[in-house]
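Trainee: I would like a close look at one part of this structure: the largest cavity. What lines the largest cavity, and how much space lies in it?

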Amino acid sequence: APDAYAPLPSIVQAARELFNKRPLPMIKRARAATEPALQHVTAIAHEAALVNNIPTIAFPGSGLDWSVIYPAYNRKLAERILASGGTVFSELAHTQGAALWTFPRRNRLMAGIARATLVIECTKKSGTLITARLALDYNRDLLTVPGPIFVESSSGPNELLRQGATPITSVDDLLAALGLVKSETNLIDD
């Protein structure tokens, strides 16, 4: 059966472009890529960090035993993160499988460790909004990618924009929001 939680192909493509359009060695001052671990769009961020030797921290919604890391198809990515000197972190019991209640706990950790949270797509009832709220509670920057008003998966980011989140409409917007540009035209670490 198809993955019920798979993002729209256009969202996956947008993430690939966002993380791969600019050569990441130009932003090596970024301390780490932190994303909800080991899922479609976030796996792309981890892959881009690994390819560019940027430390990455993964937060699965499960324990860390290889038999329970979720989703199973990204266990090899978790192994590569560890082999590169990155971290796969969970506060759950080692053999705790993923469950609905484990993801909000994981989201709290991600929001706390990250300087900013980027919301690419979610519905108004998505768990992603838990992370967004926590980011604001922790006084972190909240960034979001606007989307078409008639697309359900854009309703969350568009609502966050109405509430004051920083819009990200290009790679340059993202780099500027993260403080990784010297000026409008010069990126650090050229």
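**The largest cavity and its lining**

Mentor: Start with the chain around it. From the N terminus on, its elements run α-β-α-β-α-β-α-β-α-β-α-β-α. That gives seven helices and six strands. Keep in mind that this is a predicted model.

The chain has 190 residues, and 42% of them are buried. Sequence separation is worth a look too. Take the contacts between residues at least 6 apart in sequence: 66% of these join residues at least 24 apart. On the outside, the chain exposes about 10500 Å². Carbon and sulfur atoms supply 55% of that area.

Now go inside. Rolling a probe the size of a water molecule over the atoms shows where empty space is left. Here the structure holds one cavity of 30 Å³ or more. The largest cavity contains about 50 Å³ of space.

Next, the lining. One stretch of names to find is F59 and P60. Then come F89, S90, E91 and L92. T102, R105, R106 and L109 complete the list. Helix α4, residues 102-113, gives the largest share of this lining, with four residues.

Finally, sort the lining by character. Five of its residues are nonpolar, two are polar and three are charged. F59, P60, F89, L92 and L109 are the nonpolar ones. S90 and T102 are polar. E91, R105 and R106 carry the charged label.

Technical notes:
Residues are numbered from 1 along each chain as its sequence is written. This is a predicted model: local features need pLDDT of at least 70, side-chain atom pairs count only at pLDDT 80 or more; totals for chains, interfaces and linings use all residues. Side-chain values use heavy atoms; hydrogens and water are left out. On a 1 Å grid over the protein atoms alone, a cavity is a set of points where a 1.4 Å probe fits but cannot get out, and a pocket is an open set with protein on both sides within 12 Å along at least five of seven lines; lining residues have an atom within 4 Å of a point. Grid points are joined across faces, edges and corners, and a volume is the space filled by probe spheres set on the points. Helices (H or I, at least four residues) and strands (E, at least two) are DSSP runs, numbered from the N terminus. Buried means under 20% relative accessible area, exposed over 50%, partly exposed in between (1.4 Å probe, protein chains only). Contact means heavy atoms within 4.5 Å. Accessible areas come from the Shrake-Rupley method with a 1.4 Å probe; for residues, only the protein chains shown count as cover.
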